Amino acid sequence: GSADNLWVTYPQGRKVFVKKISSPATSSADVGAGWEIDVDPNIGKRSSLVATDKELFVFTRTSRNKAGNLRFFRYDHDGELLESGFVEQMEIGNIRVGASLNAEGQPVVVVWKGENDQASLSYYTWNGTSFVRPEKSLIWDLSDGRRCDRGERTREFSFVVTDDNTLHVVWSCTRKQVMHASKPLSGEKTRWHYEELVRNRAQREYDFTPMLTAHGNTVHAFVTLD
């Protein structure tokens with residue numbers, strides 16, 4: 001949301017839409033007609049949206065094509081398309097994406113990639129004209145010694161940016177473990193701080209669902225346990 005408006009992005013059939021809602025949204029008259037995101041119609045897809053004080057950013061996969069990930073669409077608050085492009089045009093078909101704002105109100109995108117027994121989690125930031133992958137943007141991958149699973153369990157992640165512009169990320173690392181990582185976004189060369197957030201008895205696949213929310217500089221973590 002921004003000012004007196006809210007926006008929501010959602011899939012319907014093989015399409016993706018955005019709707020503008022006038023706060024406090026007490027009746028259906030407060031819900032606008034919405035508009036369609038111009039994406040490849042051959043795949044049902046999820047999307048993420050963030051609203052800055054002047055613009056909207058919608059993020060989605062383009063298709064199952066490896067050449068089609070990951071796109072962004074930038075709109076003004078009335079739905080006029082200002083620009084579309086790639087956060088990264090990566091050669092990986094299996095991704096999950098989340099978006100938020102940093103302390104300066106600019107988009108931050110976190111992407112899980114997993115394919116061919118490889119998995120990683122990294123972030124991108126908007127520099128005013130394009131999305132860039134900063135130095136030390138890699139949160140984890142299978143070569144860093146954290147021994148997370150190779151499978152899709154690790155795509156269960158959540159993140160927030162606190163008021164002091166620190167990025168906090170939690171993810172399901174193994175059937176017994178949830179990890180937490182944090183790093184100030186203002187210092188690109190600052191190292192990540194890692195800690196084990198949860199170690200519990202073996203879970204069934206996907207039973208961990210780590211979630212974060214922030215209030216000021218305080219981060220609250222919620223984790224489902226089987």
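Lys136 counts as partly exposed in this predicted model, because its relative accessibility of 34% falls between the 20% that bounds buried residues and the 50% above which a residue is exposed. Its backbone deserves a look as well: phi of Lys136 is positive, at about 65°, although the residue is not a glycine. You will find Lys136 in the loop that runs between strand S11 (131-132) and strand S12 (138-141).

Ala25 is another residue to inspect. Here phi is near 55°, again a positive value in a residue other than glycine. Ala25 sits in the loop between S2 and S3, and it counts as partly exposed because its relative accessibility is 36%. The two residues are set out here:

| Residue | Phi | Relative accessibility |
|---|---|---|
| Ala25 | near 55° | 36% |
| Lys136 | about 65° | 34% |

The loop between S2 and S3 also holds Pro24. Which kind of peptide bond joins Ser23 and Pro24? The bond is cis, with omega at about 10°.

Now for the strands on either side of that loop. S2 and S3 belong to an open sheet of 3 strands, ordered S1-S2-S3 and paired in antiparallel fashion. Strand S1 (5-12) and strand S3 (35-37) form the edges, each pairing on one side only. From one strand to the next, the twist averages 30°. S1 pairs with strand S2 (residues 15-22) over 8 bridges, in the antiparallel sense. For a handy landmark, look at Trp7, which stands opposite Lys20 in S2.

Note on methods
Residues numbered from 1 in each chain as written. Predicted model: local features only at pLDDT ≥ 70, side-chain atom pairs only at ≥ 80, totals over all residues. Heavy atoms only, no water. Pairing = 2+ DSSP bridges. Helix = DSSP H or I, 4+ residues; strand = E, 2+ residues; numbered from the N terminus. Axes fitted to C-alpha atoms, helices over the stretch in contact; angles between N-to-C directions. Buried < 20%, exposed > 50% of the residue type's maximum accessible area, 1.4 Å probe, protein only.
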